Each structure stands twice: as structure tokens, then as C-alpha cells.
Amino acid sequence: MVEVINSYKVENFHFNELTQAEKYEELVNKYDFTPEQKEKIYEGLKDNVNVDWYAKPEFDSIQMYWIYKGLKNNNPFVKFYANPKYNSIQMQRFYYNDSVDFEFRMFKKSLMKFNEIQQQYLNKIQQQYSIKNEKKVRF
């Protein structure tokens, strides 16, 4: 069986989807990325990660890696550390939830509080739903 596979090439990178190739081309034409940075952008596009978070010249390739990894693995802390003020070592520590940074601890605390409030709300809804169902069964 012969199978036709479309592939789009930009520089030395091959993309399966035209939109990925166009996005890559747009970014590399807009900024002067190093080959290592271009590789991280390519990896993110291939994995359908939102590269807009890190496809910026102010991030070096290692910072890009930690942001890419956080986005790919749905790390809740990536929203905090996707900031050029943090170096790659700090980003790695944030990724592994191993930082003593004051701002990070405050972010983590607010995230935990939000999750706690969200869980309380869900429990209340579930409780109200079960009470309504009990009343229906009794009648």
C-alpha cells in the first residue's frame, strides 16, 4: 500500500502540519534565534505546545526547555516561572517545586488556596445534589 504523506520543510525542520511550519517561519523571521532556540521552538510546535510562552529572544535555549517541559507536562508552576527574570537553574527548581524563592512560595500558596476553595465549592454542590436526590427518592 502506497501512502502519501505531506511534509513541510522550513530550514532543516520538517513539519506534518502547514500551520506548524507557518508558525515556525513567522517566529524565526521575526526574531534572531540561535540554532538551539530554534530547536526548542520546533520541539514545542511538533508536540502542539503553545510556543508563544517561550519563543522570545529574551529566553535562552535552556530556559525555553524548562518552559516547554512545564507546558507539555501541565506543570501548574510554569505560569509563574515563564519569566525572563528567572535563570534556567531557578526554572528547574520551580519545575520540581523545590524553590525557596519568596514570590514562588506566595504563588504556590495562592494556588493551593484556590484549589482548596474550588474543592470546597465542588463538595458543596455535590452535597446539595445528593440532598435533592434523597428528597426525590422519599416521595
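This is a walk through charged pairs, aromatic rings and a surface patch in a predicted model.

Start with the salt bridges. The count comes to four. One of them joins Asp52 and Lys23, with 2.7 Å from N to O. This pair links distant parts of the chain. Asp52 sits in the loop between α2 (35–46) and α3, while Lys23 belongs to helix α1 (residues 18–30). The two are 29 residues apart. Asp52 itself is partly exposed, at 40% relative accessible area.

Asp47 and Lys72 form another salt bridge, and their closest N and O atoms are 3.5 Å apart. Here too the pair links distant parts of the chain: Asp47 is in the loop between α2 and α3, Lys72 is in helix α3, and 25 residues separate them. Asp47 is partly exposed at 36% relative accessibility. Lys72 is also partly exposed, at 45%.

Now turn to helix α2. Glu43 and Lys40 both lie there, three residues apart, or about one turn of the helix. They form a salt bridge, with 3.7 Å between the closest N and O atoms. Where do the two partners fall in exposure? Glu43 has a relative accessible area of 21% and is partly exposed. Lys40, at 17%, counts as buried, because the cut-off for buried is under 20%.

Glu43 also matters for reading Lys69. Lys69 lies in helix α3 (residues 61–72). Lys69 is buried yet has no salt bridge. Why no salt bridge? The nearest side chain of opposite charge, Glu43, is 11 Å away, and a salt bridge needs nitrogen and oxygen within 4 Å, so the pair does not qualify. Leaving aside residues up to four places away in sequence, Lys69 touches Tyr95 and Tyr96.

Next come the rings. The count is 13 aromatic pairs. Among them, Tyr65 and Trp66 form an edge-to-face pair. Their centres are 5.0 Å apart, and the planes meet at 75°. Tyr65 is partly exposed at 29% relative accessibility, whereas Trp66 is buried at 8%. Elsewhere, ring pairs link Phe13, Phe15, Tyr24 and Tyr42 into a cluster.

Finish on the surface. Which residues form a nonpolar patch there? They are Tyr121, Leu122 and Ile125, with about 300 Å² of accessible area together. Ile125 is found in helix α6 (residues 102–138). Its relative accessible area is 36%, which makes Ile125 partly exposed. That value clears the patch cut-off of over 30%, so Ile125 can belong to the patch.

Technical notes. Residues are numbered from 1 along each chain as its sequence is written. This is a predicted model: local features need pLDDT of at least 70, side-chain atom pairs count only at pLDDT 80 or more; totals for chains, interfaces and linings use all residues. Side-chain values use heavy atoms; hydrogens and water are left out. Helices (H or I, at least four residues) and strands (E, at least two) are DSSP runs, numbered from the N terminus. Buried means under 20% relative accessible area, exposed over 50%, partly exposed in between (1.4 Å probe, protein chains only). Lys and Arg count as positive and Asp and Glu as negative; His and the chain ends are not counted. Contact means heavy atoms within 4.5 Å. Patches are made of residues with over 30% relative accessible area and no salt bridge: like charges are joined within 9 Å, nonpolar side chains (Val, Leu, Ile, Met, Phe, Trp, Tyr) within 5 Å. Accessible areas come from the Shrake-Rupley method with a 1.4 Å probe; for residues, only the protein chains shown count as cover. Rings of Phe, Tyr and Trp (its six-membered ring) pair if their centres lie within 6.5 Å; planes under 30 degrees apart count as stacked, over 60 as edge-to-face and the rest as tilted.
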